Amino acid sequence: MGVDIRVVGGGLAGSESALTLARLGLSVELWEMRPSHQTDIHETDRFGELVCSNSLGSNALRDARGLLKAELRLLGSAIVRRADVCRLPAGKAFAVDKGQFSALVTQSIQSNPLISIRREEYRRLDSSVPTILATGPLTSPDFLRELRECLGCENLFFYDAVAPSIWTHSVDRNSSFLSSRGGDAADYLNCSLTREEYYAFVHALQSARRHLPETPDEQKYFEGCLPVEEIARRGDDALRFGPMRPVGLRERPENCFAVIQLRKENREGTVLGLVGFQTSLAIAEQQRVLGMIPALRNAEYVRYGLIHRNTFLRGPSVLSQDLELQAFPRVWAAGQLCGVDGYIESTAMGLVAALNAAALLRSFPRPVFSVKTMTGLLVDYVTRDREDFQPTNANYGLLPLEPGPKQKAVDREAFAVVALQHMQKVADEVGAWTTQKTNP
Ligand SMILES: Cc1cc2nc3c(=O)[nH]c(=O)nc-3n(C[C@H](O)[C@H](O)[C@H](O)COP(=O)(O)OP(=O)(O)OC[C@H]3O[C@@H](n4cnc5c(N)ncnc54)[C@H](O)[C@@H]3O)c2cc1C
């Protein structure tokens, strides 16, 4: 029996798409190549696996990712709802228990009668079936080749790095202290460095051996997520004004000049991630250089940092406003593949693609995502013609500039109020679909 639609990739975007489409009554065939074809980064065969940090960004409405999550909650996002259940204390960050989260997403998909799962690599674009492509930054090489052939895109990737995780028991508590930046909570373990220790560490980082992409012209990084050694190469003080800044911390020792923050990665607190410490250093160098931080002298690693390829389509050249491929009607791109970066941004694009697909397949009016919402700004970014396209995360810099020489600072609170009003309207329209007679 045929299905209404195919979703390819069971990551954040694909899981969001599949669960949303099923909620709207469409039957879905969800393709996922793991575990028979693993990526270099995923560790399980679960749906919705978070591949690195356990943080989905801020939850505050004035922050772009906080607003994006609030908008997604209004639209009934399956992923955000499950993340809410798995939340861990982490100061202002919205962190989750990664294992619990992916287990919950997997269970929801497996138990959904409208979703059939196909554990297989998708290699050829079959546009005879409506399809959402959500194969993500680690799209399999065969399918990446196929996309290049079908869409004619060059340069569909950049390089990105992952932060290491360590066992909590291996951190020296005498050289670290509990505190969150700018808050009363004590959700982060801060590894303190004196002035001398900091500069010795930075100099070691600047000259440490790295794993680099094969050719130098491929060494392009995403500016929003630079490896720490790349930040260190930009200046001796760059790290202490970046991820190692010691500001806003209570209980800070007097001689604390910089910190590395560690955040719980599971509910039990047995594993800690190095916050903002993505690195492409060779493994032995990670042990040596991070071992110069007093609290990490005897650190035992759950996972080392690493560098990986990050695939995306040049959205403005190939996508229509509803994330549909211009050259292949009824095929949509979602998630990181369509040119956003970040867990929550990928989820948002999974939801948008699913709503657009459902509207087309069921002849409902297409939902309009205004640029007065964070979701709409992301859609606009990945679909509007621009030179020098690079993936983006949610941020207020996506707002179109007002004409005139003087640019006013964005009133974030006011923007959020209007955004949520707009999104409520979309949510009401989508809510009405389920009560209307469907038109298959
Ligand atoms: C190493 C790494 C670290 C990252 N760290 C962070 C972070 O800390 N915070 C953050 O906000 N964002 C991070 N990102 C960026 C990004 O937000 C996440 O990768 C996010 O998971 C993207 O969601 P997605 O659904 O688009 O892709 P994914 O979650 O990767 O899902 C894609 C799925 O498609 C499957 N697949 C691929 N090719 C095929 C095929 N041909 N056939 C069938 N299945 C296929 C894959 O196995 C995978 O399950 C990171 C990205 C990478 C690669």
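**Exercise 1. Find out what share of the protein chain is buried, and describe its overall form.**

Solution. Of the 440 residues in the protein chain, 47% count as buried. Keep in mind that you are looking at a predicted model.

Step 1: list the secondary structure. The protein chain has 12 helices and 17 strands.

Step 2: compare the radius of gyration with the globule rule. The radius of gyration is 22 Å, close to the 22 Å that the rule gives for 440 residues, so the chain is as compact as a globular protein of that length.

Step 3: look at the box. Along the principal axes, the C-alpha atoms fill roughly 70 × 45 × 45 Å.

Step 4: look at the contacts. Among those between residues at least 6 apart in sequence, 73% join residues at least 24 apart.

**Exercise 2. Describe the largest nonpolar core, then look at Ala-333 within it.**

Solution. Step 1: start with the members. The core holds 120 residues, and those touching the most other members are Leu-21, Ile-132, Ala-333, Ala-334, Cys-338, Met-349 and Leu-378.

Step 2: ask which element gives the most. That is H10, with 11 residues.

Step 3: place the core among the domains. At least three residues come from each of domain 1 (5-156 + 312-400 + 409-433) and domain 2 (161-308).

Step 4: zoom in on Ala-333. Once neighbours within four places in sequence are left aside, Ala-333 is in contact with Leu-133, Leu-313, Leu-319, Leu-323, Leu-325 and Cys-338.

**Exercise 3. Work out what surrounds the ligand.**

Solution. Step 1: find the residues that come nearest. Of the 38 residues around the ligand, these are Gly-9, Gly-11, Cys-52, Gly-136 and Gly-335.

Step 2: sort the shell by class. You should get 16 nonpolar, 17 polar and 5 charged residues.

Step 3: trace the shell back to its elements. Helix H1 (12-23), strand S8 (157-162), strand S15 (306-311) and helix H10 (343-362) each supply at least two residues. The largest share, 3 residues, comes from H1.

**Exercise 4. Pick out the unusual backbone angles and say where they sit.**

Solution. Step 1: recall the usual pattern. Most residues other than glycine have a negative phi, and most peptide bonds are trans.

Step 2: look for a cis bond. The peptide bond from Arg-34 to Pro-35 is cis, with omega near 5°. Pro-35 lies in the loop between strand S2 (28-31) and strand S3 (55-58).

Step 3: check Arg-330. Its phi is positive, near 65°, although the residue is not a glycine. Arg-330 belongs to strand S17 (residues 328-333). Arg-330 counts as partly exposed because it has 16 C-beta neighbours inside 10 Å.

Step 4: check Ser-363. Here too the residue is not a glycine, and phi is positive at about 55°. Ser-363 sits in the loop between H10 and helix H11 (374-383). With 10 C-beta neighbours inside 10 Å, Ser-363 counts as exposed, since the cut-off for exposed is 12 or fewer.

**Exercise 5. Locate Ser-116 and describe its surroundings.**

Solution. Step 1: find the element. Ser-116 is in strand S6 (residues 115-118).

Step 2: count neighbours. Ser-116 is partly exposed because 14 other C-beta atoms lie within 10 Å.

Step 3: list the contacts. Apart from neighbours within four places in sequence, Ser-116 is in contact with Val-3 and Glu-29.

Step 4: set sequence against space. Ser-116 and Tyr-199 are 83 residues apart in sequence, and their C-alpha atoms are 55 Å apart.

How values were computed: Residues numbered from 1 in each chain as written. Predicted model: local features only at pLDDT ≥ 70, side-chain atom pairs only at ≥ 80, totals over all residues. Near = placed C-beta within 6 Å. Helix = DSSP H or I, 4+ residues; strand = E, 2+ residues; numbered from the N terminus. Nonpolar A, V, L, I, M, F, W, Y, C, P; charged D, E, K, R; others polar. Buried ≥ 20, exposed ≤ 12 C-beta atoms within 10 Å, placed from the backbone. Core = buried A, V, L, I, M, F, W, Y, C linked by C-beta atoms within 7 Å. Domains from an automatic or database assignment. Contact = placed C-beta atoms within 7 Å. Rg over C-alpha atoms; globule rule 2.2 N^0.38 Å.
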